[in-house]
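Reader: I would like a close look at one part of this fold: a single strand pair in a sheet. Start from one facing pair of residues, then work outward until I can place it in the whole chain.

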Amino acid sequence: MKFEIREDFYLNDKPFKILSGAIHYFRVHPDDWYHSLYNLKALGFNTVETYIPWNLHEPKKGMFRTEGILDIEGFLSIAQELGLYAIVRPSPYICAEWEWGGLPAWLLAENVRVRSTDEKFISHVDDYYAKLLPILAKHQLSQGGNILMFQVENEYGSYGEEKAYLRTIKQLMEKYGLEGPFFTSDGPWRATLRAGSLIEDDILVTGNFGSKPEQNFNQMQTFFDEYQKKWPLMCMEFWDGWFNRWGDEVIRRDPEELAESVMDCIARGSINLYMFHGGTNFGFMNGCSARGQKDLPQVTSYDYDAILDEAGNPTEKFFALQNRLKNAFPDIETNQPLTKVSKAYPAGELSDKVSLFYSLKNVSDITKAFYPLNMESLGQNTGYILYQTSIERDKGEAERFRVIDARDRIQVYADNQHIITQYQEEIGQDIPLELNQKQTDIKILVENMGRVNYGHKLEAPTQKKGLGRGAMVDLHFIGGWKQYSLPLDSISEIDFSGEWQNGQPAFYRYRVTLDELADTYLDMTGFGKGVVFINNVNIGRFWEKGPILTLYVPKGYLKKGENEIVVFETEGRYRERITFSDKPKIKTI
């Protein structure tokens with residue numbers, strides 16, 4: 001088969017309109033890939049689009065992974081079996097409301113300038129591509145696969161304008177067997193298109209927007225005309241919903257208005273719906289928005305108010321759009337979508353609990369240093385770090401205590417008693433500290449709430465996590481630190497025989513026996529903040545701020561018989577019974 005970009009897209013020398021939907025394989029349990037891809041085909045679409053997250057495929061330098069939820073070959077094969085083509089975006093940076101935009105956090109310890117021709121950065125990309133790209137090359141159309149084209153870089157025009165960098169990335173893709181065609185995607189106005197594209201090199205330019213397709217396509221066409229390019233118009237990200245941040249209202253878009261806007265886009269060009277199925281930011285993989293001095297972390301659910309809901313079931317948007325497609329294109333092939341049933345299981349009973357401070361030896365490695373070490377210096381990507389030191393009393397009254405330069409959220413304890421919680425915008429302010437003994441034990445729990453995934457803050461050092469320069473008493477920096485790394489990659493070694501004290505961060509273990517398996521939602525009402533592990537798998541963060549108070553649990557993470565649920569909760573709030581729901585629980589903000 002042959003795919004070409006001329007004045008239109010051509011497949012085997014026949015004009016071809018790309019009707020694509022985004023499904024990120026790494027946000028959907030592998031057992032559910034078929035379900036989501038089938039529903040994309042059932043809608044009447046012909047192509048699936050996905051990013052490739054570098055930070056999951058190479059979580060540590062030189063450690064390349066493609067198993068389980070990272071089996072991109074398995075995902076592409078299922079799509080092909082269903083008759084779907086694919087658009088793959090293996091650029092080093094993906095944005096995607098994903099932890100550091102998909103860049104691996106270990107780069108922060110490498111002293112590189114990301115998304116540039118910095119030799120060290122390009123060397124790391126080269127090493128990564130040497131493992132990844134031969135896998136993708138096997139799935140190109142020319143090799144009997146289903147991939148139509150590849151993205152060089154993602155919205156680079158909203159970050160930089162180094163064309164040599166873009167050309168280097170394309171050359172690396174070709175070096176490891178990708179034949180193209182290649183494209184870039186940017187905002188649809190001239191500044192971003194000019195800065196982020198390789199139009200001079202005849203690399204297809206696509207646009208990202210979620211409304212006003214006529215106006216946005218006109219801007220793109222004017223840009224094409226300026227360079228005398230006769231290309232098809234394509235919206236590579238037609239935003240059909242939006243993501244959510246902690247403490248904000250859930251964002252919704254009217255299904256009929258969306259369907260009408262999508263059809264206006266299709267009338268003029270090709271489309272990729274972002275997202276078709278959003279899925280879930282499992283583990284610590286949520287990204288973070290940057291707003292001035294304040295960072296706004298995103299929630300675990302990536303429902304996105306998309307065409308399918310977080311579980312992969314059709315929403316009103318699916319049927320509104322499918323009906324319009326049938327009317328506009330009577331010959332298009334559509335089908336009834338698949339729907340899964342979720343279940344509200346009986347509550348799980350609390351069986352064990354232990355404070356974090358009394359289980360550190362089982363869940364953490366200790367590193368000693370005079371000055372505190374940040375997360376990246378400790379070889380840690382995500383999660384928490386507990387810092388411990390001792391303060392000597394110099395006077396009778398309260399000491400002036402400050403934590404300097406920490407990210408993102410800190411909880412300070414004196415002799416295991418909670419003193420204060422501070423966020424990035426508050427860190428550095430004075431903390432009154434009564435020293436009642438000659439020596440006071442100080443513990444500071446620091447949480448990485450998600451690295452920025454878009455904009456100028458992407459560049460180091462703003463995304464290094466943990467304690468930066470340290471903490472001060474009176475006017476001097478204090479030393480003698482112990483660092484307990486808490487990536488929580490596994491919680492299987494927790495010793496629940498240890499002590500539990502009220503008001504401290506703690507682990508809570510619940511057990512539930514299941515006779516049948518179905519998707520479910522874990523109701524975190526009554527807990528404060530933390531993460532949940534189902535059978536030792538981190539299914540994501542929760543926070544009482546909302547707006548989403550439940551965690552989606554795909555049935556693939558459950559098993560018949562006894563299931564273990566471990567909650568790591570940092571605020572000292574818990575419940576004797578943990579409950580389930582058959583649907584998400586949304587908090588009104």
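Author: Start with D523, which stands opposite T579 in strand 31. The model is predicted, so read every value as computed from it. D523 closes strand 26, which covers residues 520–523. Its partner, strand 31, covers residues 577–581. The two run antiparallel, and 3 bridges join them.

Now widen the view to the sheet. It is open and has 8 strands. The order is 28-27-30-25-14-31-26-29, and the pairing is antiparallel. Strand 26 sits between strand 31 and strand 29 in that order. Strands of a sheet pair through backbone hydrogen bonds, either parallel or antiparallel. What stands at the edges of the sheet? Strand 28 (537–543) and strand 29 (550–553) do. Each has a single partner strand, so one side of each is left without a neighbour in the sheet. Neighbouring strands are turned by 30° against each other on average, with direction ignored.

The two edge strands also frame a loop. P547 is found in the loop between strand 28 and strand 29. A cis peptide bond joins G546 and P547, with omega at about 15°. There is another cis bond to check. It joins Y274 and M275, and omega there is about 0°. M275 lies in strand 11, which spans residues 270–277.

Strand 11 leads to the barrel. The barrel is closed, has 8 strands and runs 4-5-6-7-8-9-10-11. Pairing here is parallel, while the open sheet is antiparallel. The twist averages 30° from one strand to the next. Take one pair as a sample. Strand 4 (residues 19–23) and strand 5 (residues 47–51) pair over 3 bridges in the parallel sense. Within that pair, G21 stands opposite V48.

Two loops after barrel strands carry unusual backbone angles. A96 is not a glycine, yet its phi is positive at about 60°. A96 is found in the loop between strand 6 (85–89) and helix 4 (119–137). At 1% relative accessibility, A96 counts as buried. E155 has a positive phi too, near 50°. E155 is found in the loop between strand 7 (147–154) and helix 5 (163–175). With a relative accessible area of 10%, E155 is buried.

Next, the empty space. Rolling a probe the size of a water molecule over the atoms shows where such space is left. The count gives 1 cavity of 30 Å³ or more. The largest cavity holds about 50 Å³. Its lining includes H277 and Y552. H277 ends strand 11, and Y552 belongs to edge strand 29. P554 is also in the lining, as are R27, V28 and E310. By class, the cavity lining has 5 nonpolar, 4 polar and 3 charged residues.

The other edge strand meets the largest pocket. That pocket has a volume of about 1100 Å³. Of its 41 lining residues, the closest to the centre are L56, P59, R65, T382 and D489. Helix 2 (54–57), helix 10 (360–363) and strand 28 each give two or more residues to the lining. The classes there are 20 nonpolar, 14 polar and 7 charged residues.

For contrast with those edges, look at strand 18 (residues 409–414). Of its 6 residues, 6 are buried. In a regular strand the side chains alternate between the two faces of the sheet. R409, Q411 and Y413 point one way; I410, V412 and A414 point the other way. Strand 18 runs antiparallel to strand 19 (residues 417–423), with 6 bridges. I410 stands opposite Q422 there. The two strands form a hairpin with 2 residues between them, and D415 in the turn has a positive phi of about 50°. Another 6 bridges tie strand 18 to strand 21 (residues 439–447), again antiparallel. In strand 21, I442 is the bridge partner of A414.

Last, the whole chain. It has 10 helices and 31 strands. Buried residues make up 61% of its 589 residues. A compact globule of that length would have a radius of gyration near 25 Å; the chain has 25 Å, which agrees. The C-alpha trace spans about 85 × 55 × 40 Å along its principal axes.

Methods: Residues are numbered from 1 along each chain as its sequence is written. This is a predicted model: local features need pLDDT of at least 70, side-chain atom pairs count only at pLDDT 80 or more; totals for chains, interfaces and linings use all residues. Side-chain values use heavy atoms; hydrogens and water are left out. Two strands pair if DSSP finds at least two bridges between them. Helices (H or I, at least four residues) and strands (E, at least two) are DSSP runs, numbered from the N terminus. Axes are lines fitted to C-alpha atoms, for helices over the stretch in contact, and angles run from 0 to 180 degrees between N-to-C directions. On a 1 Å grid over the protein atoms alone, a cavity is a set of points where a 1.4 Å probe fits but cannot get out, and a pocket is an open set with protein on both sides within 12 Å along at least five of seven lines; lining residues have an atom within 4 Å of a point. Grid points are joined across faces, edges and corners, and a volume is the space filled by probe spheres set on the points. Ala, Val, Leu, Ile, Met, Phe, Trp, Tyr, Cys and Pro count as nonpolar, Asp, Glu, Lys and Arg as charged, and the others, Gly among them, as polar. The radius of gyration is taken over C-alpha atoms; the globule rule is 2.2 Å times the number of residues to the power 0.38. Buried means under 20% relative accessible area, exposed over 50%, partly exposed in between (1.4 Å probe, protein chains only).
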